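Got the viewer open? Let's take a short walk through this one, selecting as we go.

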Amino acid sequence: MSPVPGSGLAKGLAVTLRTMTRKTVTEQYPDTQPDLPPRTRGVIGLFEENCTVCMLCARECPDWCIYIDSHKETVPAAAPGGRERSRNVLDRFAIDFSLCMYCGICIEVCPFDALFWSPEFEYAETDIRDLTHERDKLREWMWTVPAPPALDPGAEEPKELAAARKTADKLAAQQQAEQAAQAEQTAPAEPKEGES
Ligand code: SF4
Ligand code: SF4
């Protein structure tokens, strides 16, 4: 059966009318920035002060796209007669984002909270080699990482905070005791009974 002449046009107009009344979903990027959720997996930021060069992230990365170089440094003994210690010093930390699949394993396994997700996503390059980013750039991205969400009011206090609070309380008590002892030593002696 041949189609009714003009039915195609009518169908097309019906679709146009239907979609005209719907809310638009087109993002006008880059004129308008997208409203991304705060925990968006945009790029990985490095807080290198926390990195101990344990290599766990590089070993666990399924794509082998984390490159770390380091050297050892000798730290003098803390007390006379003590032993010298050695520590790792970070020389290079780079991530090749042309290989990274944004699985987040490196961030999950880091035992020292040195890696974080940043929602930053505007780092496209025309040359794939430019997608390997070094520690300075990863550090810059660190400052775009949003603050962690507030703790549930009923949640148990994190053990790190509890330990830090205990140490601070102990130090404050020690200081108070020292100040009280000093005040006692410097206070003028009270005259004994019978003395004038
Ligand atoms: S997000 Fe996954 S693939 Fe990307 S660097 Fe981390 S572990 Fe590797
Ligand atoms: S797992 Fe964390 S501490 Fe270890 S090398 Fe990677 S970023 Fe540094």
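## Stop one: the aromatic rings

Start by selecting phenylalanine 97 and tyrosine 123, both of which are buried. Keep in mind that you are looking at a predicted model.

A search of the whole structure turns up 7 aromatic pairs. Your current selection is one of them: phenylalanine 97 and tyrosine 123 sit edge-to-face, 5.5 Å centre to centre, with 65° between the planes. This pair links distant parts of the chain, 26 residues apart. Phenylalanine 97 is in the loop between strand E3 (85–96) and helix H3 (105–109), and tyrosine 123 is in the loop between strand E4 (115–118) and strand E5 (132–133).

Now add tyrosine 102 and tryptophan 117. Why does this pair count as stacked? The ring centres are 6.2 Å apart and the planes meet at 20°, and stacked means planes under 30 degrees apart. Tyrosine 102 is in the loop between E3 and H3 while tryptophan 117 is in strand E4, so the pair ties together parts 15 residues apart in sequence. Turn on the surface: tyrosine 102 is partly exposed at 26% relative accessible area, whereas tryptophan 117, at 13%, counts as buried.

Finish here by adding Trp141: ring pairs link Phe97, Tyr102, Trp117, Tyr123 and Trp141 into a cluster.

## Stop two: the ligands

Click ligand 1. Around it are 13 residues, with Cys61, Cys100, Cys103, Gly104 and Cys106 coming nearest. By class, that shell has 11 nonpolar, 1 polar and 1 charged.

Then jump to ligand 2, surrounded by 14 residues; Cys51, Cys54, Met55, Cys57 and Cys110 are the closest. Colour this shell by class and you get 13 nonpolar, 1 polar and no charged residues.

Conventions: Residues numbered from 1 in each chain as written. Chains lettered and ligands numbered in written order. Predicted model: local features only at pLDDT ≥ 70, side-chain atom pairs only at ≥ 80, totals over all residues. Heavy atoms only, no water. Near = heavy atom within 4 Å. Nonpolar A, V, L, I, M, F, W, Y, C, P; charged D, E, K, R; others polar. Phe/Tyr/Trp six-rings, centres within 6.5 Å; stacked < 30°, edge-to-face > 60°. Helix = DSSP H or I, 4+ residues; strand = E, 2+ residues; numbered from the N terminus. Buried < 20%, exposed > 50% of the residue type's maximum accessible area, 1.4 Å probe, protein only.
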